[in-house]
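Here are some friendly notes to read with the structure open beside you. Take the points in order, and find each residue on the screen as you go.

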Amino acid sequence: MNKIKQHLALAGLISIFSVPVALGAVGATRSLPGSYTAGSPVSVSIQIVTDATVLTYAVEEAPPAGWVVSAMSNGGTWNSARNKIQWLFFDGTVRTLTYSATPPVTETGTKVFAGEAGFGTSASVVDMPIGGNNNIVLL
């Protein structure tokens with residue numbers, strides 16, 4: 001069981017023995033600039049869309065290694081053991097999650113952002129990668 005399912009199961013929001021269900025228009029989409037300047041922060045947003053079946057959801061986001069994150073919205077927390085930002089919500093509210101990521105001053109090349117969202121219903125958890133923009137290039 002992945003970390004998102006573990007969080008939801010420990011919170012008592014899903015059963016470990018859940019069965020898959022189909023969700024409607026549910027997902028997470030990342031937006032970020034096309035380029036970055038070493039040492040300067042970039043703004044990242046993740047648009048969460050849910051449907052009426054979603055009771056809870058969790059999001060994990062991994063910025064490029066070595067980048068410093070700050071200004072995480074909606075109660076996001078940095079998990080230093082996993083090098084990821086984590087959000088956990090006990091409702092199905094549509095949200096836009098935001099944070100700032102600052103590359104090291106010596107950063108070069110194209111970098112990749114990665115993440116996953118898990119949506120819990122009364123019967124299951126559906127995990128999916130965060131879509132949208134994943135790559136950012138040095139300006």
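With which side chain does the side chain of tyrosine 99 make a polar contact? The partner is the side chain of glutamate 61, at 2.7 Å. A polar contact is a pair of N or O atoms within 3.5 Å; within protein, one must be able to donate a hydrogen and the other to accept it, and residues adjacent in sequence count only if both atoms are side-chain atoms.

1. Before going on, please keep in mind that this is a predicted model, where local features need pLDDT of at least 70 and side-chain atom pairs count only at pLDDT 80 or more, while totals for chains, interfaces and linings use all residues. Residues are numbered from 1 along each chain as its sequence is written, and side-chain values use heavy atoms, with hydrogens and water left out.

2. Let us stay with tyrosine 99 for a moment. Tyrosine 99 lies in strand β8; strands (E, at least two residues) are DSSP runs, numbered from the N terminus. Because its relative accessible area is 3%, tyrosine 99 counts as buried. The cut-offs are under 20% for buried and over 50% for exposed, with partly exposed in between (1.4 Å probe, protein chains only). Its C-alpha atom is separated by 9.8 Å from that of proline 41, and the two residues are 58 apart along the chain.

3. Now look for the sheet. It is open and has five strands, in the order β6-β7-β4-β10-β11, with antiparallel pairing; two strands pair if DSSP finds at least two bridges between them. Strands β6 (77-79) and β11 (125-129) stand at the edges with a single partner strand each, so one side of each has no neighbour in the sheet.

4. You can follow the pairing strand by strand. Antiparallel strands β4 (residues 56-62) and β10 (residues 114-120) are joined by seven bridges, and glutamate 60 stands opposite glutamate 116 in β10. Five bridges link β4 with β7, where valine 59 has tryptophan 87 as its bridge partner. Between β6 and β7 there are three bridges, with threonine 77 matched to glutamine 86 in β7. These two strands, β6 and β7, form a hairpin with four residues between them, and asparagine 83 in the turn has a positive phi of about 55°.

5. How many aromatic pairs are there? The count is five, using this rule: rings of Phe, Tyr and Trp (its six-membered ring) pair if their centres lie within 6.5 Å, and planes under 30 degrees apart count as stacked, over 60 as edge-to-face and the rest as tilted. One of them joins tyrosine 57 and phenylalanine 89, a tilted pair at 5.0 Å centre to centre with 45° between the planes. Tyrosine 57 is in strand β4 and phenylalanine 89 in strand β7 (residues 84-89), 32 residues apart, and both are buried.

6. Tyrosine 99 returns here with tryptophan 87: their ring centres are 6.3 Å apart and their planes at 45°, so this pair is tilted. Tryptophan 87 in strand β7 and tyrosine 99 in strand β8 (residues 95-102) are 12 residues apart, and both are buried. Elsewhere, ring pairs link Tyr36, Trp67 and Phe113 into a cluster.

7. Finally, find glycine 131 in strand β12 (residues 131-132). Is it buried or exposed? At 25% relative accessibility, glycine 131 counts as partly exposed. Leaving aside neighbours within four places in sequence, glycine 131 is in contact (heavy atoms within 4.5 Å) with Ala28, Thr29 and Arg30. The C-alpha atoms of glycine 131 and arginine 30 are separated by 6.0 Å, although the residues are 101 apart along the chain.
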